[in-house]
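Open the model in a viewer that can select residues by number and show secondary structure. The tour moves from the overall fold to single side chains.

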Amino acid sequence: MKRKEIFYDLVITLELSRPLPQKQTKGKTQNRAFEKEIAQHLKTHKKDYLPFKKRLLFAFNVSGPKEYIENIDVDNVAKSLLDALKGEVYKDDKQVYFLIAEKHLIKDVTAAVIGIREIQDNEEITFVPKFGASLENYIR
């Protein structure tokens with residue numbers, strides 16, 4: 001049997017006691033409380049190889065009840081998560097090279113799963129066509 005290669009260097013699973021902030025509002029009480037909750041989780045599950053120092057890929061999956069998921073902007077939630085992880089998981093926003101975000105309906109739970117991969121110096125990852133590339137390589 002072929003062994004699966006592990007893609008992520010770190011996966012963080014958060015069952016949240018409060019919904020993620022729906023808007024990017026700096027300095028607001030809701031954002032501070034959320035960032036404090038994430039920081040506490042990270043301190044409890046501290047890894048000796050953190051913070052990452054190279055280029056990074058972040059993949060976010062935000063889940064919750066329909067009335068919550070349908071009213072959030074996934075890009076704002078991703079920014080809130082990145083802000084909460086900065087300092088503990090990575091040092092600088094300039095390290096973020098890839099950002100994948102999605103949202104899912106789950107009836108009774110508000111949660112986030114974050115996959116993080118440190119991109120090695122000799123590694124190239126491409127999800128979208130590069131400028132000047134032949135589009136035949138990207139279209140079925």
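The stops below go from the whole chain to the sheet, then to a polar side chain, the aromatic rings and two charged groups.

**Whole chain**

Start with a cartoon view of this predicted model. The chain has three helices and four strands, and along the sequence they follow the pattern β-α-β-α-α-β-β. Colour by accessibility next: of the 140 residues in the chain, 36% are buried. If you draw a contact map, consider the contacts with a separation of 6 or more; 81% of them join residues 24 or more positions apart.

**The sheet**

Select the strands: E1 (10-15), E2 (55-64), E3 (96-105) and E4 (111-119). In which order do the four strands lie in the sheet? The order is E1-E4-E2-E3, in an open sheet with mixed pairing. E1 and E3 stand at the edges with a single partner strand each, so one side of each has no neighbour in the sheet. On average, neighbouring strands are turned by 10 degrees against each other, direction ignored.

Now show the backbone of E1 and E4. Strands of a sheet pair through backbone hydrogen bonds, either parallel or antiparallel. Here E1 and E4 pair in the antiparallel sense, over six bridges. To locate one bridge, pick Leu10, whose partner in E4 is Ile116.

Add helix H3 (74-85) to the selection. H3 packs on the sheet and touches E1, E2, E3 and E4. The direction of H3 makes about 120 degrees with that of E2.

**Gln95**

Go to the loop between H3 and E3 and select Gln95. Is this side chain's residue buried or exposed? Gln95 has 8% relative accessibility, which is under the 20% cut-off, so Gln95 counts as buried. A polar atom of the Gln95 side chain lies 3.5 Å from the backbone oxygen of Lys53. Expand the selection to contacts, leaving out residues up to four places away in sequence: Gln95 touches Phe52, Lys53, Lys54, Arg55, Leu56 and Tyr90. Keep Tyr90 and Arg55 displayed, as both return below.

**Aromatic rings**

A search of the whole structure gives four aromatic pairs. One of them is Phe58 with Phe60, a stacked pair with 6.0 Å centre to centre and 5 degrees between the planes. Phe58 also pairs with Tyr90, in this case edge-to-face, at 5.4 Å centre to centre and 65 degrees between the planes. What does this second pair tie together? Phe58 lies in E2 and Tyr90 in the loop between H3 and E3, so the pair joins parts that are 32 residues apart in sequence.

Select Phe58, Phe60 and Tyr90 at once: ring pairs link them into a cluster. Each of these residues counts as buried, with relative accessibility of 0% for Phe58, 3% for Phe60 and 0% for Tyr90.

**Charges over rings**

Two arginines remain to be inspected. Which ring face does Arg55 lie over? Arg55 lies over the face of Tyr97, 5.3 Å from the ring centre. Then select Phe7 and Arg117: the charged end of Arg117 sits over the Phe7 ring, at 4.4 Å from its centre.

Terms used:
Residues are numbered from 1 along each chain as its sequence is written. This is a predicted model: local features need pLDDT of at least 70, side-chain atom pairs count only at pLDDT 80 or more; totals for chains, interfaces and linings use all residues. Side-chain values use heavy atoms; hydrogens and water are left out. Rings of Phe, Tyr and Trp (its six-membered ring) pair if their centres lie within 6.5 Å; planes under 30 degrees apart count as stacked, over 60 as edge-to-face and the rest as tilted. Buried means under 20% relative accessible area, exposed over 50%, partly exposed in between (1.4 Å probe, protein chains only). Helices (H or I, at least four residues) and strands (E, at least two) are DSSP runs, numbered from the N terminus. A charge sits over a ring if NZ of Lys or CZ of Arg is within 6 Å of the ring centre and within 35 degrees of the ring normal. A polar contact is a pair of N or O atoms within 3.5 Å; within protein, one must be able to donate a hydrogen and the other to accept it, and residues adjacent in sequence count only if both atoms are side-chain atoms. Contact means heavy atoms within 4.5 Å. Two strands pair if DSSP finds at least two bridges between them. Axes are lines fitted to C-alpha atoms, for helices over the stretch in contact, and angles run from 0 to 180 degrees between N-to-C directions.
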